Amino acid sequence: MATTTRQATIPITEVEHAAFCKPEDELPAKSLAEEFAVNIRWQKIPNEYLHYSAQELDQRINSARQKLGSTVTILGHHYQREEIIKYADFQGDSFLLSKQAAERPEADFIVFCGVHFMAETAGILCAPHQKVILPNITAGCSMADMAPMDDVEDSWEDLQEVLGDHGGILPVTYMNSIAGIKALCGRTGGAVCTSSNAAAVLEWAFQSAERVLFLPDQHLGRNTGIKLGIDPEQMVVWNPFKRLGGNTVEQLRSSKLVLWQGHCAVHTRFTVKQIQAARERFPEVTVLVHPECTRETVEAADMNGSTELIRKTINEAPAGSQWAVGTEISLVNRLALNNPDKTVFCLDPVSCPCSTMYRIHPAYLLWVLDGLLQGQVINQITVPEDIRRDSLIALERMLSLQ
Ligand code: SF4
């Protein structure tokens, strides 16, 4: 067996996940020097960028963009802070943004204001001449970091050994994973999925194997499995720090879904208690949460769906409607701002932005744009050719299902 029982390790991005949580609603803009007071990992940046005021940053970013013209495209994920999203040529979820990058071949440089796995995906989908830049290299994703390549390869080897002659297993990975895992899915007949198409991808996978290994988010996997009518008794959690993921051979052989033990630190903050409190305050409220929330939270909510579904639902809702939302606070605040005729608020009374998304401060954006003006590509994200090729197979399988 390749897997062994060993000491559990917590990714540094998970340890730092609550770094920017505040009791108040507002997340006011600060200079980078002030942000550095939050004692987490920050990428080193030349001193001059630490002290620019919000106005100076705004003026310099606009001027750099004007000089760079259409050679640069700035992509902004929905979870980015307001002071960043305003510069985005396109806003979207990770997959939509990566497709945007590929559809803009005139842009030699893609500045991806999001997290590392998103920039990697853009690097896989874009044209060979395009270079993808992540403004702050410490902007990782704690969920993606919970599935490192060595652990996944060891686990996959054991699952093959135990299940190979017993109906087999296919890997399906959520977009929020490192490129190496997407490539493993491509090589082994599996696919990538997003939170919008996870059910369709799982249904497809069950046509060729009796079981699916779902990585790296156990909650999206479980919530999707329940939606498809899979008995929760046939879902096992794979703990990468235990031999055979903490399961017996019999448990694995009678399972349908093997759920990698990963989670999103942002979405697992939402609780049934918060839903009850929202309903007490607003009896007419509709509770809408992301499927990365726990099963209990999803079941207690009125609706659940992807970031794009949450946006569309609230933007198209009738005036006067009330929405309690379980997703990242920067997006919820933006939805509230853009829908003044509705009541939109976050389920969590504490403002807890995704701490890695939040690390894309305007000073970092200016730094990489200034670099381009000086002919320097700072923080380019590259994917080795063999990984790119195999990841693309898994991404294309997903696309062929739409
Ligand atoms: S919100 Fe969750 S899944 Fe998304 S980047 Fe942050 S930690 Fe990762």
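How far apart do the C-alpha centres of domain 1 and domain 3 lie? In this predicted model, the separation between those two centres is 28 Å. The domain assignment of the protein chain gives three domains, of which domain 1 is made of two segments, 28–140 and 356–384, while domain 2 covers 144–265 and domain 3 covers 267–346. Domain 1 and domain 3 are also in contact, with six residues on the side of domain 1 meeting eight residues of domain 3. On the domain 1 side of this contact, the residues divide into three charged, two polar and one nonpolar.

The ligand offers a second view of how the domains are arranged. Its shell consists of 13 residues, and the closest of them are Cys141, Met143, Cys264, Val266 and Cys354. By class, nine residues of this shell are nonpolar, three are polar and one is charged. Because domain 1 and domain 2 both give residues to the shell, the ligand lies between these two domains.

Within domain 1, which includes residues 28–140 and 356–384, the reader can follow an open sheet of four strands, whose order is β2-β1-β3-β4 and whose pairing is parallel. Strands β2 (90–92) and β4 (131–133) form the edges, each pairing on one side only, and from one strand to the next the twist averages 25°. Strands of a sheet pair through backbone hydrogen bonds, either parallel or antiparallel. Between β3 (residues 109–113) and β4, which run parallel, there are three bridges, and Val111 has Ile133 in β4 as its bridge partner. Helix α17 (residues 362–373) lies across β1 (72–77), β3 and β4, and runs at about 175° to β3.

Domain 2, assigned to 144–265, holds a pair of helices that can be examined in a similar way. Two packed helices are described by the angle between their axes and the distance between the axes. For helix α10 (residues 198–205) and helix α11 (residues 218–227), the axes come within 10 Å and cross at roughly 70°. Since angles from 65 to 115 degrees count as roughly perpendicular, α10 and α11 are therefore described as roughly perpendicular to each other. The contact itself brings Ala198, Ala199 and Leu202 of α10 together with Leu220, Thr224 and Lys227 of α11, and by class it comprises four nonpolar residues, one polar residue and one charged residue.

Notes. Residues are numbered from 1 along each chain as its sequence is written. This is a predicted model: local features need pLDDT of at least 70, side-chain atom pairs count only at pLDDT 80 or more; totals for chains, interfaces and linings use all residues. A residue is near a molecule or strand if its C-beta atom, placed from the backbone, lies within 6 Å of it. Ala, Val, Leu, Ile, Met, Phe, Trp, Tyr, Cys and Pro count as nonpolar, Asp, Glu, Lys and Arg as charged, and the others, Gly among them, as polar. Domain bounds come from an automatic or database domain assignment. Two residues are in contact if their C-beta atoms, placed from the backbone, lie within 7 Å. Axes are lines fitted to C-alpha atoms, for helices over the stretch in contact, and angles run from 0 to 180 degrees between N-to-C directions. Helices (H or I, at least four residues) and strands (E, at least two) are DSSP runs, numbered from the N terminus. Angles under 35 degrees count as roughly parallel, over 145 as roughly antiparallel, 65 to 115 as roughly perpendicular and the rest as oblique. Two strands pair if DSSP finds at least two bridges between them.
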